Amino acid sequence: MKSYRFLTPPTIYYGIGALESSCDKLSDLGNRPLLVTDKVMTDIGYVNKLVNYLEKQKVAVSLFNEVNTEPTDHYIENGLHLFKENHCDFLIALGGGSPIDVAKAISIMVSNPGKIQDYMGLGKVQQEGPPIVAIPTTSGTGSEVTQFTIITDTKNDIKMLIGSEYIVPKIAINDPILTISVPPGITAATGIDALTHAIEAYTSRRHQPLADIFALSSIKRISKYLRRAWANGDDKKARSEMMLAALEAGMAFNNSSVTIVHGMSRPLGALFHIPHGISNAVLLPACLEYAIMGLPERFVDVAKAIGVCVNNLSDLDFAKEGVMQIKKLCEDIEIPSISGLGIDKNAFMKQLDKMASDALASCSPYNNAGKPSNEVIIKIYEQSF
Ligand SMILES: NC(=O)c1ccc[n+]([C@@H]2O[C@H](COP(=O)([O-])OP(=O)(O)OC[C@H]3O[C@@H](n4cnc5c(N)ncnc54)[C@H](O)[C@@H]3O)[C@@H](O)[C@H]2O)c1
Ligand SMILES: [Fe+2]
């Protein structure tokens, strides 16, 4: 076997009650955190709950609760200003992938010169910034365990992928109780995001044995529990399994990388403001139909993890049956199509060239087994509309 590197946060607390039982460990990182979150977290009482725990530890929290859409460069400037003004010494992110990604980008900008755009790509960050604690409240992005942050460059309408091992959170706290309040539409979108991470990690050209274990386990859990979590948000068993699945998928793609679906979904988010999970979901079937041709045997494993059980099929047909099951899952949890999102067909077609070139420029599609051409990417966009 060749050698690999597996990157992960040093400490992960997980399971029901993880937030309360780990809060006293956060003061090890500092005593003046900037809490990066969104207004929904304030409204539903999570911010108060966390601040109360922290005040008992004599930790003085500064609040930045303005991350109300998927993150743009403007959020980073505002958050950085607050961090410096309040002499903060570490970051706590509470929320979905958006606040977590903002906290990571602020950490970069505290210790490195220039603007966030300067760090687009992998390995460009030179100095480690203040430590990050990530507390996810959706079961989707896995950002709490990854080296990535995704920030929209508002000038060029690009979702920038920034990767650095310096932004892997020092502590991740995955408490599924925080996800009970997630509405069904967001449960569906974030669940499919996690499923996409797991499938892409497992079928990436950069797949590796340890990440494979997490990826397959995640696919099994999501296939079994996403419908349940979507249908009944109060189902603690389903919420716990989904949070664990999103964490596993994050560990997997952090090391094996994402591929064509994520590469193609970022331009949809940047140009048409489609939420991240939905932008993956609408592309997933057409992308996978293309991707299985490059690596059918790995897609057979994916189909088995999904629960496909049919005899006498070729590898390719067995793998295709897996894609059919994913389509069915997306229908069952009412994932809309691109046209169903109200996007104008002409406006969409006009952006095909930009979307394809931005997708390829992100390099994620090149992790796919059969490296897709510009023409293939355009065809998948057209097919997915
Ligand atoms: N860094 C990474 O590794 C990585 C990976 C995948 C996606 N992402 C990024 O993550 C972002 C998407 O994150 P997301 O899908 O978690 O969504 P999000 O953070 O944008 O949140 C979506 C909505 O859900 C609400 N919400 C979150 N938790 C809730 C709760 N417990 N109860 C009620 N409402 C709740 C939020 O207030 C918001 O309105 C995108 O910008 C995407 O690019 C990052
Ligand atoms: Fe994602």
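In which sense do β5 and strand β8 pair, and over how many bridges? I opened my notebook with that one, keeping in mind that this is a predicted model.

**Entry 1: the small sheet**

I found that β5 and β8, the latter covering residues 158-163, run parallel and share 2 bridges. I then looked for a partner of L122, and in β8 it is G163. Stepping back, I saw that these strands belong to an open sheet of 3 strands, ordered β5-β8-β7, whose pairing is mixed. β5 (121-122) and β7 are the edge strands, each with pairing on one side only. A reminder for myself: strands of a sheet pair through backbone hydrogen bonds, either parallel or antiparallel.

**Entry 2: the other sheet**

Next I followed an open sheet of 6 strands, and I wrote down its order as β1-β9-β6-β4-β2-β3, with parallel pairing. Its edges are β1 (11-14) and β3 (62-64), which pair on one side only. I looked up the twist too: neighbouring strands here are turned against each other by 15 degrees on average, direction ignored.

Inside this sheet I picked out β4 (residues 90-95) and β6 (residues 132-136), which pair in the parallel sense over 5 bridges. There, A93 has A134 of β6 standing opposite. I also traced a helix over these strands: α5 lies across β2 (33-36), β4 and β6, and runs at about 165 degrees to β4.

**Entry 3: two domains**

How is the protein divided? I noted domain 1 (11-179) and domain 2 (184-384). Their C-alpha centres are 25 Å apart. Where they meet, 23 residues of domain 1 contact 28 residues of domain 2. On the domain 1 side, β8 gives the most, with 3 residues. I sorted that side by class and got 6 nonpolar, 13 polar and 4 charged residues. So β8, which I met in the small sheet, turned up again at this contact.

**Entry 4: a pair of helices**

I turned to α6 and α10 next. Two packed helices are described by the angle between their axes and the distance between the axes, and I looked up both. The axes of α6 and α10 come within 8 Å and cross at roughly 35 degrees. The crossing of α6 past α10 is left-handed. From α6, the contact uses A189, T190, I192, D193, T196 and T203, while α10 brings H276, G277, I278, N280, A281, L284 and A291. By class I listed 6 nonpolar, 6 polar and 1 charged residues in this contact.

**Entry 5: around ligand 1**

Which residues are closest to ligand 1? I found 29 residues surrounding ligand 1, the closest being V40, G96, G97, S98 and T141. Several elements give two or more residues to this shell: α5 (97-111), β7 (148-153), α6 (184-203) and α10 (276-291). I was pleased to see familiar names there: α5 is the helix across β2, β4 and β6, and α6 and α10 are the crossing pair.

The shell divides by class into 8 nonpolar, 17 polar and 4 charged residues. Lastly, I checked which domains take part: domain 1 and domain 2 each give at least three residues to the shell around ligand 1.

Notes:
Residues numbered from 1 in each chain as written. Chains lettered and ligands numbered in written order. Predicted model: local features only at pLDDT ≥ 70, side-chain atom pairs only at ≥ 80, totals over all residues. Near = placed C-beta within 6 Å. Helix = DSSP H or I, 4+ residues; strand = E, 2+ residues; numbered from the N terminus. Nonpolar A, V, L, I, M, F, W, Y, C, P; charged D, E, K, R; others polar. Domains from an automatic or database assignment. Pairing = 2+ DSSP bridges. Axes fitted to C-alpha atoms, helices over the stretch in contact; angles between N-to-C directions. Left-handed = near helix turned anticlockwise from the far one by under 90°. Contact = placed C-beta atoms within 7 Å.
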